[in-house]
Amino acid sequence: MERNNRSTNDLQKGLKNRHVQMIALGGAIGTGLFYGSASSIGLAGPAIPLAYLVGGLMIFFIMRALGELSVDTPNSGSISYYAYKNLGDFFGFFSGWNYWFNYVAVTMAELTVVGIYVQYWFPEVPTWLTAFGFLILITCINLLSVKLFGEFEFYFALIKVVAIIGMIILGLLIIFTGIGNNGVPTGFSNLFNEGGYLPNGMIGILLSLVPVMFSFGGVELVGITAGEVETPKKTIPKAINQVVYRILIFYVGSMIVITSIFPWNQIDGESSPFVQILGGVGIPAAAGILNLVVLTAAVSAHNSSLYSNGRMLHSLAKQGNAPKFLQRTEKKTGAPVPAILLSSGVAGIAVIINFLMPEKVFSYVMATATVAGIINWSMIIIIHLAFRKRIGKEAASKLSFKLPLYPISNYVVLLFLAAVIVIIGFMPDYRLALYILPIWVLILLIGYKLKKK
């Protein structure tokens, strides 16, 4: 459709394969890895890569299920649209608003840590002020055309991907040659010295699955991009497979390096473990550079999340599940401006929370985002089961991009996600999310009833 004939409610198809891959990486490689990994290491010790492998396998199945849906019917409404089509009106409403709520919590988490990163250089600057500044910056970026947004996110994500690879290489040099450690190779003794490889036993591994799963949040952004991709049937499968493999390499590889270089029980969580380790082994310049990278990573994840939220609200409005004004897009850029501004405004609550209780805000929003994310992932799996049932075996046999081990993989993932919810109940710092969850579900039920009236 020519731009001058484009409806004021239409999005533009301006994303290419490289944009989609980096948007997915941008959403998934952020605060969860660079900052939240401190808490997961504290729980599991040197065995933390095992938790990432288990969680990563579940994410692979979730992403393949979403990929099957996205390739069959590309739509920026993603989970909400597929729920609406395969499960009915209520589930479309519920899935869409929960997805939006999830990414509001994610953007709040990212805003929370940018202040911590900035305090590495300017300790006197309050975290709430930094959060407010970045909230304005990222909102402005999202109001650009989707093509320009894609370019911003491509380079944001590229910086942190290159940095993680560089950090892993530098870490291996420290391990094997002792560079930056007075020429003394650290080797792998730290994996076994402080209480052994499993210092907290299997309980530690199980508890670490909560922050681990939070760190994987964002990979499902690929589904949101489907409606603005030029060649979705080619781009989506490639992006999903490559993103999942890369994330596993980055997460598992970086965790092995971190726990080898530094004793796991000396990672304090007051800054990024990546920064603490490079500073601790006598490479302060590298630590400062990496702090800039992790700041970029948080900005990138916030950028991707706000993009996702704007598109989700736009799709909900087009379904009739959100106020009509949210379906409007800016004529020249195609950006869903009202939806972006509303999403950004709600995420701005993080600025207020940072001002009132900066010590606890990250744990609270991370737990909330994790629980909402688990609902999203569960819905993807349930929608996929309904989709296969609706189209029948003959049509399913012709699908070009299928979920492996269907339907066994569906039920394994659902059991795993249910177990993570149970585990949250045993963790005092995260338990608040279990109280927020039923309140949020009740709000959605009331909202749906009012919408029907």
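**Exercise 1. Work out whether Ser40 is buried or exposed, and what surrounds it.**

Step 1. Ser40 has 0% relative accessibility, so it counts as buried. Here buried means under 20% relative accessible area, exposed means over 50%, and partly exposed is in between (1.4 Å probe, protein chains only).

Step 2. Before going on, note that this is a predicted model, in which local features need pLDDT of at least 70, side-chain atom pairs count only at pLDDT 80 or more, and totals for chains, interfaces and linings use all residues. Residues are numbered from 1 along each chain as its sequence is written, and side-chain values use heavy atoms, with hydrogens and water left out.

Step 3. Find the helix: Ser40 sits in H3, residues 37-44. Helices (H or I, at least four residues) are DSSP runs, numbered from the N terminus.

Step 4. Look at the side chain of Ser40, which reaches the backbone oxygen of Ser37 at 2.8 Å.

Step 5. Now list the contacts (heavy atoms within 4.5 Å). Skipping neighbours within four places in sequence, Ser40 is in contact with Gly45, Ile48, Tyr52, Ser208, Pro211 and Val212.

**Exercise 2. Describe the surroundings of Gly42, another residue of H3.**

Step 1. Gly42 has 36% relative accessibility, so it counts as partly exposed.

Step 2. Leave out residues up to four places away in sequence, and Gly42 touches Asn200 and Trp264.

Step 3. Try a distance too: Gly42 and Gly187 are 145 residues apart along the chain, and their C-alpha atoms are separated by 21 Å.

**Exercise 3. Place Thr73 and find its partners.**

Step 1. Thr73 lies in the loop between H4 and helix H5 (78-86).

Step 2. With a relative accessible area of 16%, Thr73 is buried.

Step 3. Its side chain makes a polar contact with the side chain of Asp72 at 2.9 Å. A polar contact is a pair of N or O atoms within 3.5 Å; within protein, one must be able to donate a hydrogen and the other to accept it, and residues adjacent in sequence count only if both atoms are side-chain atoms.

Step 4. Setting aside neighbours within four places in sequence, Thr73 is in contact with Tyr81, Tyr82 and Lys85.

**Exercise 4. Work out how H4 is oriented against H12 and H10.**

Step 1. Start with H12 (residues 232-261): its axis and that of H4 (residues 48-72) come within 10 Å and cross at roughly 170°. Axes are lines fitted to C-alpha atoms, for helices over the stretch in contact, and angles run from 0 to 180 degrees between N-to-C directions.

Step 2. H4 and H12 are therefore roughly antiparallel. The cut-offs are under 35 degrees for roughly parallel, over 145 for roughly antiparallel, 65 to 115 for roughly perpendicular, and oblique for the rest.

Step 3. Turn to H10 (residues 201-216): the axes of H4 and H10 come within 9 Å and cross at roughly 55°. That makes H4 oblique to H10.

Step 4. Pick out the residues that meet. On the H4 side they are Ile48, Leu50, Ala51, Tyr52, Gly55, Gly56 and Ile59, and on the H10 side Ile205, Ser208, Leu209, Val212, Met213, Ser215 and Phe216.

Step 5. Sort the H4 and H10 contact residues by class: 10 nonpolar, four polar and no charged. Ala, Val, Leu, Ile, Met, Phe, Trp, Tyr, Cys and Pro count as nonpolar, Asp, Glu, Lys and Arg as charged, and the others, Gly among them, as polar.

How values were computed. Helix = DSSP H or I, 4+ residues; strand = E, 2+ residues; numbered from the N terminus.
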